[in-house]
Amino acid sequence: MGQYEIIGGSPLRGEIRIHGAKNSVLPILAATLLCESCCVIEDCPYIRDVDTAVEILEHLGCRVQRRGSELTVDSTAANRWEIPPQLMGKMRGAILFLGALLSRFSQARLSQPGGCPLGDRPIDLHLGGLGHMGARCQFRDSVLYCQVDRFCPSTVALPFPSVGATENLLLAALSCPGETVICNAAREPEIADLMGFLRACGAELRGDGSSVLRIRGGKKLRGCRYRLMPDRMEAATYLAAAAATRGELLLKNVRPEHLRAVTNVLQEAGCRIWEGSGELSLHCHSLRGVSPIRTAPYDGFPTDAQAPVMAAMATAEGTTVFEETVFSDRMGHIPALCAMGAKISAAKRCAVVQGVPRLKPARACATDLRGGAALAIAMLAAPGRSILRDAGHICRGYERFDAILRTCGAQIQYTEGL
Ligand code: UD1
């Protein structure tokens with residue numbers, strides 16, 4: 001994997017256009033399997049997780065073409081329902097193909113998905129829900145075999161509003177003649193985006209943005225042209241970077257309402273935030289500690305923003321407590337932040353961050369996507385030369401991370417293969 005060399009200490013200043021959302025495009029690419037024709041996805045980000053999804057689609061027999069920021073998927077000739085472990089192992093989002101394969105082929109064979117090490121990441125809610133709808137799923141020698149004769153109209157209540165499980169059940173329900181109801185569904189905006197795409201393909205769905213989704217399946221879907229919503233996590237990361245470096249940033253192509261949980265915290269910390277139509281700006285002179293930050297499903301504080309915002313608060317005046325309630329082990333970035341001079345005492349799900357006036361440069365390894373972004377933010381704030389190894393984690397979810405930061409005055413260079 002590559003590394004970033006970062007010379008930190010200067011404020012980020014400039015304008016950034018946010019790309020299409022990673023967490024929307026992955027389920028939408030899986031959903032293209034259901035259309036049996038051409039779908040064009042606009043504003044598709046150039047990130048490694050999209051490359052992996054494309055590899056999976058091609059393996060399944062789809063034709064995929066990229067032209068600039070548009071990705072065209074033709075799933076007419078898809079003829080496989082098995083995904084090999086080396087592709088499944090590349091990202092967690094690979095599990096989103098399960099519901100789509102069952103819908104299209106009534107069967108699927110795959111293995112446990114990979115992804116960031118954030119603690120246990122079982123798929124019991126996906127399998128329980130699919131089982132309730134009539135699928136038979138079992139593991140044999142680490143291979144998951146799923147089959148369904150015919151999905152039955154049913155009401156599935158998720159014990160926890162899992163984003164991935166909601167998306168898989170939605171995709172599976174599209175082949176079920178009659179109405180499927182998903183209760184306690186995740187309310188993340190990316191799910192409404194997936195529903196928007198499916199509706200554009202002719203699906204009958206209701207409940208976007210709520211915790212009860214109603215799907216009237218059994219209709220043949222057609223291809224469509226669809227523009228992805230902007231990536232709220234990419235936006236949150238750049239906002240945290242601007243705060244950590246006491247900078248000034250204008251974000252274009254954002255939905256400010258999706259970012260409120262993060263911007264409320266940054267505002268409480270002393271940043272000036274301005275919201276426009278599709279735009280958001282942040283101006284930061286100084287940062288102070290804020291009331292405890294507790295991650296939660298939407299519209300709570302997003303777990304994906306926990307590490308980037310922690311990196312910023314490590315430089316604030318005063319103390320901030322973080323509690324991670326969504327994942328069991330998502331504090332992997334803390335040892336490296338401490339090596340940079342941050343004062344953080346942490347247990348598995350809780351961290352007390354006592355801000356310091358200045359972080360110091362260091363050599364560190366990214367352990368996961370958002371944790372890696374958090375370390376890059378700390379390095380941008382720390383005056384001097386830092387090296388961030390295993391930076392490939394960041395390329396999984398951020399398009400041209402270094403080039404974009406350079407346009408805002410950061411000194412950051414990526415080198416492949418070190
Ligand atoms: C998605 C996002 C990820 C984000 C997360 C939470 C994508 C591609 N990824 O991940 O960026 O951090 O939502 O907002 O959209 N769980 C179970 N059993 C299951 C499924 C989940 O116990 O079957 C647990 C997980 O271990 C985790 C929690 O539920 O502790 C949340 O997981 P989930 O909402 O499913 O996240 P993902 O869909 O994996």
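Reader: Where does Asp299 sit in the chain?
Author: Asp299 is in the loop between β17 (293-294) and α10. Keep in mind that this is a predicted model.

Reader: What makes the peptide bond between Tyr298 and Asp299 cis?
Author: Look at omega, which is about 10° for the bond joining Tyr298 and Asp299. Most peptide bonds are trans. The Tyr298 to Asp299 bond is a cis one.

Reader: And what is odd about the phi of Glu36?
Author: Glu36 has a positive phi of about 50°, and it isn't a glycine. Most residues other than glycine have a negative phi. You'll find Glu36 in the loop between α1 (22-31) and β3 (38-42).

Reader: On to the ligand. Why is its contact with Asp304 called polar?
Author: A polar side-chain atom of Asp304 lies 2.5 Å from an oxygen atom of the ligand. The cut-off for a pair of N or O atoms is 3.5 Å, so this pair counts.

Reader: What makes the backbone of Val326 and that of Gly164 polar partners too?
Author: A polar backbone atom of Val326 is 2.5 Å from a ligand oxygen, and for Gly164 the distance to a ligand oxygen is 2.8 Å. Both pass, because the limit is 3.5 Å. As for cover, the protein hides 87% of the 740 Å² of accessible area that the ligand has on its own.

Reader: Which pocket holds the ligand?
Author: The ligand sits in the largest pocket. To count as sitting there, more than half of its atoms must lie within 2 Å of the pocket's grid points.

Reader: How do you know where the ligand lies relative to domain 1 and domain 2?
Author: Check who supplies the shell. Domain 1 (3-18 + 230-415) and domain 2 (22-227) both give residues to it, so the ligand lies between them.

Reader: What makes up that shell?
Author: There are 19 residues around the ligand, the closest being Asp124, Leu125, Ser162, Asp304 and Val326. By type, they split into seven nonpolar, five polar and seven charged. Helices α5 (124-133), α6 (163-173) and α10 (303-313) each bring at least two of the shell residues, and α5 gives the most, with three.

How values were computed. Residues are numbered from 1 along each chain as its sequence is written. This is a predicted model: local features need pLDDT of at least 70, side-chain atom pairs count only at pLDDT 80 or more; totals for chains, interfaces and linings use all residues. Side-chain values use heavy atoms; hydrogens and water are left out. A residue is near a molecule or strand if one of its heavy atoms lies within 4 Å of it. A polar contact is a pair of N or O atoms within 3.5 Å; within protein, one must be able to donate a hydrogen and the other to accept it, and residues adjacent in sequence count only if both atoms are side-chain atoms. Accessible areas come from the Shrake-Rupley method with a 1.4 Å probe; for residues, only the protein chains shown count as cover. On a 1 Å grid over the protein atoms alone, a cavity is a set of points where a 1.4 Å probe fits but cannot get out, and a pocket is an open set with protein on both sides within 12 Å along at least five of seven lines; lining residues have an atom within 4 Å of a point. Helices (H or I, at least four residues) and strands (E, at least two) are DSSP runs, numbered from the N terminus. Ala, Val, Leu, Ile, Met, Phe, Trp, Tyr, Cys and Pro count as nonpolar, Asp, Glu, Lys and Arg as charged, and the others, Gly among them, as polar. Domain bounds come from an automatic or database domain assignment.
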